[in-house]
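Hello,

Here is the structure I said I would pass on. My notes on it follow below.

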Amino acid sequence: MKKNNHLNGTNDNSNNPQNFGTPNQPPYNTPYQQPFQQPQAWQQAAYPPRQNFIAADQRVSLERDHHKPSKSKRRWQFKWYDAIILLVALIMFSSAAYYFISSRATREKQKKISSELYDLVPVEQQVDPNNRQGIYVDPDANKVAGEQWEVFSNNGESYPQGKKVLIQPIGRLQISSIDLSLPILSKAGLIELRYGIGHHQTSAPLYGDSGLSVLFGHHMIEKGHYFNRLDEVEIGAEVKVLGNNKEYTYKVDKRLIVQPQEIVPLIKEKTADKYLLMITCVNPPSFDQRLLVYAKLTDVKDLTPPKSN
């Protein structure tokens, strides 16, 4: 006779096919409540673990990548926009090379003519204003970038079209502290300043006992070219002017930095002493200000050679 488990309070689950636990475990009525059991061998064969699928996917991916050409081996194809990029790069390179070569050639020509003008100065004899030596130059050659914007570059001078211009030196300027030796030219015009330091004609004469003699010069890009290093001249530095069979020694006693429009009243100042005022541009590449260096005459030496008996 079968025992009624529900009547006697016992709970025999051993014969219940839905339960996989021990008699002491409660019944599991749903698959989600059943404890984990190791799969059988046939189950493993029919349903391989997930990592096997992942490994198989990786193998397929590797095989596909093996047959696909790598980026380094892909053949480059020339597109129409590549031609435009190449053309622009070629134009930029050619322009830069032309500018560099032409600028260097211009500087060399300027230096050559400047050296010739320097040698033409008659240091040991009186300068005859009506019989000065000089060099004829092409007014369209060896231009300085930005020269047309200088307020002092014209000075009311007009140059004949299509004719060469005579450049005449009247002295030599020497500043040993910046290793400068340049010709002083009779004018501070547009063309004269391409080849040396120009004397402003409305200022005091270069060779005199009083007044303010004004000299203009470009601040060139190349170090040491013209007044490029004028800002290095310090208070107390010596400045020499040679010509008219004399050596004039000046000593720097003042420096100013002003705006371009402030130059005109400054170069018209009157003084009882003999002064040299040197002016150039500063603050490259804008060159928006002007440097003024004042030097006072301290000594005059006669360079006339002694007469032979």
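**Strand pairing and what surrounds it**

Glu 238 has Lys 251, in strand E8, as its bridge partner. Please keep in mind throughout that this is a predicted model. The pairing in question is between strand E7 (residues 238–243) and strand E8 (residues 246–258), which run antiparallel and share 6 bridges. E7 and E8 make a hairpin, and 2 residues separate them.

The turn of that hairpin deserves a look on your screen. Asn 244 sits in the loop between E7 and E8, and its phi is near 60°, a positive value in a residue other than glycine. Asn 245 is in the loop between E7 and E8 too, and has a positive phi of about 55° although it is not a glycine. For context, most residues other than glycine have a negative phi, and most peptide bonds are trans. Are these two asparagines buried or exposed? Asn 244 counts as buried because its relative accessibility is 14%, under the 20% limit. Asn 245 is also buried, with a relative accessible area of 9%.

E8 has another partner. Strand E10 (residues 289–302) pairs with E8 in the antiparallel sense over 12 bridges. In that pairing, Lys 246 stands opposite Asp 302 of E10.

Thr 249 is a residue of strand E8. What does Thr 249 touch, leaving aside residues up to four places away in sequence? The contacts are Glu 238, Val 239, Lys 240, Lys 296, Leu 297, Thr 298 and Asp 299. Thr 249 has a relative accessible area of 8%, so it is classed as buried.

**A cis peptide bond**

Between Pro 284 and Pro 285 the peptide bond is cis, with omega near 5°. Pro 285 belongs to the loop that runs between strand E9 (274–282) and E10.

**The cores**

The largest nonpolar core holds 37 residues, and Leu 173, Leu 276 and Met 278 have the most contacts inside it. Strand E4 (residues 180–185) contributes the most to this core, namely 4 residues. A second, separate core has 14 residues, among them Leu 212, Leu 277, Ile 279 and Leu 292.

Met 278 is a useful residue to select if you want to look around the largest core. Not counting residues up to four places away in sequence, Met 278 touches Leu 173, Ile 175, Leu 215, Phe 227, Leu 230, Val 239, Leu 291, Leu 292 and Val 293.

**A nonpolar patch on the surface**

Which residues form the nonpolar patch on the surface? They are Trp 80, Tyr 81, Ile 84, Ile 85, Val 88 and Met 92, and together they have about 700 Å² of accessible area. Val 88 lies in helix H4 (residues 80–120). With a relative accessible area of 43%, Val 88 is partly exposed, because that value falls between the limits of 20% for buried and 50% for exposed.

**The chain as a whole**

The chain contains 5 helices and 10 strands. It has 309 residues, of which 34% count as buried. About 21000 Å² of the chain is exposed, and carbon and sulfur atoms supply 53% of that area. Of the contacts between residues at least 6 apart in sequence, 65% join residues at least 24 apart.

Regards

Notes: Residues are numbered from 1 along each chain as its sequence is written. This is a predicted model: local features need pLDDT of at least 70, side-chain atom pairs count only at pLDDT 80 or more; totals for chains, interfaces and linings use all residues. Side-chain values use heavy atoms; hydrogens and water are left out. Patches are made of residues with over 30% relative accessible area and no salt bridge: like charges are joined within 9 Å, nonpolar side chains (Val, Leu, Ile, Met, Phe, Trp, Tyr) within 5 Å. Accessible areas come from the Shrake-Rupley method with a 1.4 Å probe; for residues, only the protein chains shown count as cover. A salt bridge is a side-chain nitrogen of Lys or Arg within 4 Å of a carboxyl oxygen of Asp or Glu. Buried means under 20% relative accessible area, exposed over 50%, partly exposed in between (1.4 Å probe, protein chains only). A nonpolar core is a set of buried Ala, Val, Leu, Ile, Met, Phe, Trp, Tyr and Cys residues joined through side-chain atoms within 4.5 Å. Contact means heavy atoms within 4.5 Å. Two strands pair if DSSP finds at least two bridges between them.
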